[in-house]
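I opened this entry to keep track of what I looked up around the ligand and in two of the sheets. Notes follow in the order I made them.

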Amino acid sequence: MIPFNKPYRSGNELQYIAAAIDNRKLSGDGDYAHKCQDYLQQRYGFQKVLLTTSCTHALEMAAILLNIQHGDEVIVPDFSFVSTANAFALRGATIRLADSSRTNPNVCPESIESLITANTKAIVLVHYAGFACDMDAILQISKLYEIPVIEDAAQAIDGYYKNKPLGSFGDFATFSFHDTKNISCGEGGMLVVNNEKYIKRAEIIREKGTNRAAFFKGEVDKYTWVDIGSSYVLSEINAAFLWAQLENIDVIQTTRKAIWQRYYDALLPLEKAGKIKVANVPEQASNNGHLFYLLCKEEHERDALIQFLRDEGIYAVFHYLSLNKSAYYIQHHGQAHCPNSVRYADTIIRLPLFVELTEEMQDVIINAIFRFYKVEK
Ligand SMILES: *Cc1c(COP(=O)(O)O)cnc(C)c1O
């Protein structure tokens with residue numbers, strides 16, 4: 001059996017968790033949390049990194065920081081995970097769904113622009129598969145209409161757009177360290193704040209609406225309830241695990257990218273034979289080896305390929321259902337017309353990709369796909 005994912009282990013995780021336990025401080029913002037935050041700020045030039053309990057929670061923080069309220073409209077990609085929309089729906093926002101581009105699953109800038117009204121309070125984008133969105137076009141729209149941008153960079157760690165790290169473009173960016181991502185700590189995430197004016201309040205919201213962070217820095221002499229907020233701080237146990245991963249980020253990234261490239265090279269002939277399309281890295285974007293996908297011609301063919309591979313012991317999977325087709329969206333928001341997103345939802349298949357995937361396993365997968373399409377290798 002070849003699983004779809006196998007979370008990476010560097011081998012140092014237990015040692016660091018033991019050290020955290022010896023330190024007698026397992027709540028958040030301990031030594032390992034600081035190591036992680038400092039490292040990520042330096043490596044990517046992020047203004048402020050705050051580790052959070054998840055990417056979903058980091059998105060919720062961004063929604064609170066932007067004072068999103070009932071009646072506000074937030075533009076969200078139709079082709080995304082539920083959290084991208086839910087974090088804003090939770091604050092009462094009306095979700096406006098933007099379509100994917102014709103040429104790749106990322107959100108289409110023209111579709112974003114067509115949804116802007118006087119009530120639009122935020123533009124959220126997702127760098128799908130770790131591939132950058134068309135940031136020049138989106139930032140131009142953001143500037144023209146003076147609407148802040150939030151990058152849902154859950155999949156995009158170590159991804160770049162014109163050599164600038166993803167997560168450094170929006171007022172906020174959110175990342176995930178869930179088991180399914182390149183770097184993980186079980187459940188975890190981070191909020192990146194790139195606009196100085198939000199940093200203090202972000203610290204307050206993350207600490208249950210208290211000025212605890214300012215208290216520990218000696219800026220105030222007692223800490224108290226000063227704002228709304230919640231409990232978004234990552235535990236030191238998770239941070240210790242995360243540090244063991246971050247220390248190995250270059251090994252993880254190099255390996256994942258090599259696996260990605262090997263799939264690409266091996267499967268390109270099937271595209272040339274007119275059977276499928278392989279993932280294409282958009283112009284100006286880099287590949288961070290997060291996810292390798294194929295596009296089948298139709299939904300039933302995609303489902304048949306998934307079943308064929310499953311029968312061979314290979315776990316390949318589809319991905320998002322279009323948010324506009326979800327029960328909650330239809331009931332509460334009505335309709336959205338996103339034909340490109342629906343096409344990606346119907347035809348994408350993701351192949352196993354994890355550091356321990358061997359070349360032998362990869363060959364089994366590649367050969368099976370050729371057999372499904374009855375093409376000689
Ligand atoms: C994984 C993912 C999330 C959710 O991340 P969590 O850390 O599990 O909350 C949100 N958005 C996108 C695009 C994702 O891929």
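I began with D152, where a polar side-chain atom lies 2.8 Å from a nitrogen atom of the ligand. The model is predicted, and I read the distance as a computed value.

Next I looked up the ligand's oxygen atoms. An N or O atom in the side chain of S176 is 2.7 Å from a ligand oxygen. For Y320, a side-chain N or O atom is 3.4 Å from an oxygen atom of the ligand. I checked the cover as well: the ligand taken alone exposes 390 Å², and the protein buries 92% of that.

Which residues come nearest to the ligand? I listed C55, T56, D152, S176 and K181, out of the 14 residues around the ligand. D152 and S176 are thus on this list, and I had already noted a polar side-chain atom for D152 and a side-chain N or O atom for S176. I then looked at the pockets and found that the ligand takes up the space of the largest pocket.

I moved on to the strands. Strand β2 (residues 73–77) and strand β3 (residues 94–98) run parallel and are joined by 5 bridges. To get from β2 to β3 the chain passes through helix α4 (residues 82–89), and this β-α-β crossover is right-handed. Within the pair, I found V76 opposite L97 of β3.

How are the strands β10, β11 and β12 ordered, and is the pairing parallel or antiparallel? They form an open sheet of 3 strands in the order β10-β11-β12, with antiparallel pairing. I noted β10 (277–278) and β12 (348–350) as the edge strands, each pairing on one side only. Strand β11 (residues 293–295) is joined to β12 by 3 bridges. As a last entry, I recorded I348 in β12 as the bridge partner of L295.

Methods: Residues numbered from 1 in each chain as written. Predicted model: local features only at pLDDT ≥ 70, side-chain atom pairs only at ≥ 80, totals over all residues. Heavy atoms only, no water. Pairing = 2+ DSSP bridges. Helix = DSSP H or I, 4+ residues; strand = E, 2+ residues; numbered from the N terminus. Right-handed = clockwise from strand over helix to strand, strands pointing away. Near = heavy atom within 4 Å. Polar contact = N/O pair within 3.5 Å; in protein donor to acceptor, adjacent residues only side chain to side chain. Areas by Shrake-Rupley, 256 points an atom, 1.4 Å probe, with all protein chains shown as cover. 1 Å grid on protein atoms, 1.4 Å probe; cavity = no way out; pocket = protein on both sides within 12 Å on 5 of 7 lines; lining within 4 Å. Sits in = over half its atoms within 2 Å of the grid points.
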